[in-house]
Each structure stands twice: as C-alpha cells, then as structure tokens.
Amino acid sequence: MLFLVAALLLFGVVMGTVAHAPFAFTLVAAAVIAVWLGVFALRERHGRRHASHH
C-alpha cells in the first residue's frame, strides 16, 4: 500500500511539478527518491538474508 502511494506521488511529481519547478529542485527531489529507494532495497535484501539464516 505504501509503495502504491509512493508510486502515485512520484508520478504526480514527474507529471506536474517538474514542468513548473526549477531544475535544481527536480534534481534534489530525484536524489531524495533515489536514496529512499536504495535504503528500501538494502533493507529488503538484508531482511531476506537475515531471515534465511534462521
């Protein structure tokens, strides 16, 4: 559910805000989203690896 909300929010940002926002803001928003997705992926990988040992 959270992933769906995040995807819709990202879609709204891409389709709406980017057309009106400064390029620097777009880069910052993209970096924040990329870091968030990276942290999520690392946590998922660590969680699966940790769970497989038990």
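This is a short tour of the structure you have open, which is a predicted model.

**Stop 1: the whole chain.** Start in cartoon view with the entire protein chain selected. You will find two helices and zero strands. Now switch on the surface: the accessible area comes to about 4,900 Å², and carbon and sulfur atoms account for 76% of that area. As for burial, 7% of the 54 residues in the chain count as buried.

**Stop 2: a patch on the outside.** Next, select M1, L2, L4, V5 and L8. Together these residues make a nonpolar surface patch of about 590 Å².

Keep V5 highlighted for a moment, since this member of the patch sits in helix α1, which covers residues 2–20. Is V5 buried or exposed? Neither label quite fits: its relative accessible area is 45%, so V5 is classed as partly exposed, a term for values between the 20% limit for buried and the 50% limit for exposed.

**Stop 3: the largest pocket.** Now clear the selection and pick F3, A6, A7, L9, L10, V13, A29, V32, I33, W36 and L37. These residues line the largest pocket, and the space inside that pocket is about 250 Å³.

Which helix gives the most to this lining? Color by helix and look at α1, which contributes six residues. Helix α2, spanning 23–53, takes part as well, with α1 and α2 each supplying at least two lining residues.

Finally, color the lining by residue type. The pocket shows eleven nonpolar residues, no polar ones and no charged ones.

Definitions and conventions. Residues numbered from 1 in each chain as written. Predicted model: local features only at pLDDT ≥ 70, side-chain atom pairs only at ≥ 80, totals over all residues. Heavy atoms only, no water. Patch = residues over 30% accessible without salt bridge, like charges linked within 9 Å, V, L, I, M, F, W, Y side chains within 5 Å. Areas by Shrake-Rupley, 256 points an atom, 1.4 Å probe, with all protein chains shown as cover. Salt bridge = Lys/Arg side-chain N within 4 Å of Asp/Glu carboxyl O. Helix = DSSP H or I, 4+ residues; strand = E, 2+ residues; numbered from the N terminus. Buried < 20%, exposed > 50% of the residue type's maximum accessible area, 1.4 Å probe, protein only. 1 Å grid on protein atoms, 1.4 Å probe; cavity = no way out; pocket = protein on both sides within 12 Å on 5 of 7 lines; lining within 4 Å. Points joined across faces, edges and corners; volume = space filled by probe spheres on them. Nonpolar A, V, L, I, M, F, W, Y, C, P; charged D, E, K, R; others polar.
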